[in-house]
Amino acid sequence: MRIPFIAGNWKMFKTRAEAKAFAEEFAKLYTGTDVKTAICAPYTDLQTLVEAFAGTGIGVGAQNVHFADEGAYTGEVSVKMLEDIGVDYCIVGHSERRQYFAETDETVNLKLKKLLEGPIRPIMCCGESLEQRDSGVLFDFVKSQLEGGLAGISAEDMKKIVIAYEPIWAIGTGRTATPEQAEEMCAFIRNTLIDMYGEEVADEVIIQYGGSVKPANATDIMNQDEIDGALVGGASLKAEDFMKIIDF
Ligand code: PGA
């Protein structure tokens, strides 16, 4: 039985004061549901959120991490540093990082392996561009992202990874994938995981959909069999909207 997991991705939004105001409002609205939730925030907001959400059951996630233990990597943050703050999740391989910050399947793989040495659960993103969808290579492309990103990761570790399917053309565009399009790819992802890890492992993996999820479409998306959650960008910035999505 997979417990639904809906995470917010704040991207590069919110100062500490704004994060604190959100957390106070959201913690009041959130009375505990059957849905697990977390906010993935900028590094500078993580401590504030960990403190504000203590004892509420609301998780906190980072949006990126480096794969080395430590070293001369100016501007980077290590897994140990995130663990020290008490972060629960870390997004890896978001399409914006692939597009603007040279993230590749190889670096995704290294980051996943480093995170899996400790307690932080990775949220690994995948998803095709509009050109890839229109030219029909969408399934091959997502399969290659999964095979590259997950190379050498054990079945036991795979159970800790959340997969977020985020078609690039649906991110921040207001153009959500239809529930059927999202379900089709999430089912394909689960089948790929069955091929790679067997049914028992694939059955346990949480697969989220992301891309213009909002209160108005959350129910239709969450009602799909193979979609176990959502990664929510824009609509996670307002506590009331995000709460409505969790209450789908
Ligand atoms: P969006 O972003 O909900 O604003 O489309 C989703 C994401 O990039 O995780």
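Helices, of at least four residues, and strands, of at least two, are here DSSP runs numbered from the N terminus. On that basis the protein chain of this predicted model contains 12 helices and 8 strands.

The overall form may be considered before the individual elements. For 248 residues, a compact globule would have a radius of gyration near 18 Å, and the 17 Å found for the protein chain agrees with this. The C-alpha trace extends over about 45 × 45 × 35 Å along its principal axes. Buried residues make up 52% of the 248 in the protein chain. When contacts between residues at least 6 apart in sequence are considered, 72% of them join residues at least 24 apart. The exposed surface of the protein chain amounts to about 11200 Å², of which carbon and sulfur atoms supply 51%. As to charge, the chain carries 23 positive and 40 negative charges, and the mean positions of the two sets are 4 Å apart.

The strands offer a route into the interior. Strand β1, residues 5–9, is mostly covered, with 5 of its 5 residues buried. In a regular strand the side chains alternate between the two faces of the sheet. In β1, Phe5, Ala7 and Asn9 point one way while Ile6 and Gly8 point the other, and all are buried. This strand runs parallel to strand β2, residues 36–40, and 5 bridges join the two. Within that pairing, Ala7 has Ala38 of β2 as its bridge partner.

A comparable description applies to strand β6, residues 162–165, which is covered on both faces. Val162 and Ala164 lie on one side and Ile163 and Tyr165 on the other, and all are buried. Strand β6 pairs with strand β5, residues 121–126, in the parallel sense through 4 bridges; here Tyr165 is the bridge partner of Cys126. Strand β6 also pairs with strand β7, residues 207–210, again parallel, over 3 bridges. In this second pairing, Ile163 stands opposite Ile207 of β7.

Among the helices, α5 (residues 105–115) merits attention. Because 8 of its 11 residues are buried, helix α5 is largely enclosed by the rest of the structure. The buried positions are Asp105, Thr107, Val108, Asn109, Lys111, Leu112, Lys114 and Leu115. What do the buried residues of α5 pack against? Their surroundings comprise helices α3 (79–85), α4 (95–100) and α7 (138–149), together with strands β4 (89–92) and β5. Strand β5 thus appears both in the packing around α5 and in the parallel pairing with β6.

One residue of this helix can be followed in detail. Lys114 lies in α5 and has a relative accessibility of 15%, so it counts as buried, the cut-off being under 20%. Apart from neighbours within four places in sequence, Lys114 is in contact with His66, Phe67, Asp69 and Val79.

The end of the chain provides another case. Phe248 is found in the segment after helix α12, residues 239–246. Is Phe248 buried, exposed or partly exposed? Its relative accessibility is 32%, and Phe248 therefore counts as partly exposed, a class lying between the 20% and 50% limits. Setting aside neighbours within four places in sequence, Phe248 is in contact with Ile6, Val35, Ala218, Thr219 and Met222. Of these, Ile6 is one of the buried residues of strand β1. Phe248 and His94 are 154 residues apart along the chain, and their C-alpha atoms are separated by 24 Å.

Technical notes. Residues are numbered from 1 along each chain as its sequence is written. This is a predicted model: local features need pLDDT of at least 70, side-chain atom pairs count only at pLDDT 80 or more; totals for chains, interfaces and linings use all residues. Side-chain values use heavy atoms; hydrogens and water are left out. The radius of gyration is taken over C-alpha atoms; the globule rule is 2.2 Å times the number of residues to the power 0.38. Buried means under 20% relative accessible area, exposed over 50%, partly exposed in between (1.4 Å probe, protein chains only). Contact means heavy atoms within 4.5 Å. Accessible areas come from the Shrake-Rupley method with a 1.4 Å probe; for residues, only the protein chains shown count as cover. Lys and Arg count as positive and Asp and Glu as negative; His and the chain ends are not counted. The place of a charge is taken as NZ of Lys, CZ of Arg, CG of Asp or CD of Glu. Two strands pair if DSSP finds at least two bridges between them.
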